[in-house]
Amino acid sequence: MPLFNWKDEYSVNVAELDQHHKILIDIVNSIYDNCLRIDTVDCIQPKIRELFDYAEYHFTAEEDYMRRIEYFEREEHIELHAMFIFKLKEMQQAYEGNEIELTKSMIVFLGKWLLHHVLEEDRKYALYAQGIN
Ligand SMILES: [Fe+2]
């Protein structure tokens, strides 16, 4: 069973960014489904890379969008993105240190962070964009 399911109410009213969010949730679900229930972290490495690369790609697109709509809290939002990347790097270190339980708990943490971010923080710029249109 996936950790998270996409719901229409998560939409930020930008098709491209919604698509990115769906893919990010898919990657987290796939890490959870494929890697969390076994006693080795070997399968996680390519997935960490995938999550890392896609998160960076998506954050850049989202930050461009916030710049275009002149979202007033974009600097704070950009810092939240940087924090996610920082936590991902911590997870990578835990993985490389072969700390299986820590790696697994960080995957759950990152998944929850991502969902909270889409539901709470991304919602703020979506509402802002609605207000200026
Ligand atoms: Fe965001």
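Modeller: The bend at a residue is the angle between two axes, one fitted to the seven residues ending there and one to the seven starting there. Helices are DSSP runs (H or I, at least four residues), numbered from the N terminus. This is a predicted model: local features need pLDDT of at least 70, side-chain atom pairs count only at pLDDT 80 or more, and totals for chains, interfaces and linings use all residues. Residues are numbered from 1 along each chain as its sequence is written, and side-chain values use heavy atoms, with hydrogens and water left out.

Colleague: On which residue is the kink in α4 centred?

Modeller: α4 has 33 residues. Its kink amounts to about 40°. The centre of the kink is Arg 123.

Colleague: What does α4 reach from its first C-alpha to its last?

Modeller: The expected span of a helix is 1.5 Å times one less than its number of residues. For α4 that expectation is 48 Å. The model comes close to it, at 47 Å.

Colleague: How many residues has helix α2?

Modeller: α2 runs over residues 44-68. It reaches 36 Å from first C-alpha to last, close to the 36 Å expected. The count of residues is 25.

Colleague: Which residues are the protein donors of the iron ion?

Modeller: Donors are N, O and S atoms within 2.8 Å of the metal (3.2 Å for Na, K and Ca); water is not among the atoms, so sites may look incomplete. Here the donor atoms lie 1.9 to 2.4 Å from the iron ion. Three histidines give NE2, and the Glu and Asp give OE and OD. The donors are Glu 62, His 77, His 81, His 117 and Asp 122.

Colleague: How many residues apart in sequence are the parts that His 81 and Asp 122 tie together?

Modeller: The donor residues are spaced E-x14-H-x3-H-x35-H-x4-D. His 81 sits in helix α3 (residues 74-96) and Asp 122 in helix α4 (residues 100-132), so this pair joins parts whose separation in sequence, in residues, is 41.

Colleague: Is His 81 buried or exposed?

Modeller: Buried means under 20% relative accessible area, exposed over 50%, and partly exposed in between (1.4 Å probe, protein chains only). Asp 122 is at 0% and counts as buried. His 81 has 1%, which makes it buried.

Colleague: How do α1 and α4 run, roughly parallel or roughly antiparallel?

Modeller: Axes are lines fitted to C-alpha atoms, for helices over the stretch in contact, and angles run from 0 to 180 degrees between N-to-C directions. Angles under 35 degrees count as roughly parallel, over 145 as roughly antiparallel, 65 to 115 as roughly perpendicular and the rest as oblique. Helix α1 (residues 15-35) packs on α4 at about 165°, with the axes 10 Å apart. That makes the pair roughly antiparallel.

Colleague: And α2 with α4, roughly parallel or roughly antiparallel?

Modeller: The α2 and α4 axes come within 13 Å. They cross at roughly 15°. α2 is therefore, relative to α4, roughly parallel.

Colleague: Is the crossing of α1 and α2 left-handed or right-handed?

Modeller: The axes of α1 and α2 come within 10 Å and cross at roughly 165°, so the two are roughly antiparallel. A crossing is left-handed if the near helix is turned anticlockwise from the far one by less than a right angle, and right-handed if clockwise. α1 passes α4 in a left-handed crossing, and α2 passes α4 in a left-handed crossing. The crossing of α1 and α2 is left-handed.

Colleague: What is the phi of Glu 70?

Modeller: Most residues other than glycine have a negative phi. Glu 70 has a positive one although it is not a glycine. It follows just after α2, in the loop between α2 and α3, and is exposed at 58%. Its phi is about 55°.

Colleague: Where does Asn 98 lie?

Modeller: Asn 98 is another residue with positive phi, near 60°. At 55% relative accessibility it counts as exposed. Its place is the loop between α3 and α4.

Colleague: What separates the C-alpha atoms of Arg 49 and Glu 70?

Modeller: Arg 49 is in helix α2 and is partly exposed at 38%. Glu 70 is 21 residues from Arg 49 along the chain. Their C-alpha separation is 31 Å.

Colleague: How far apart in space are Ile 23 and Tyr 54, C-alpha to C-alpha?

Modeller: Ile 23 belongs to helix α1 and is partly exposed at 27%. In sequence, Tyr 54 is 31 residues from Ile 23. In space the pair is separated by 8.3 Å.
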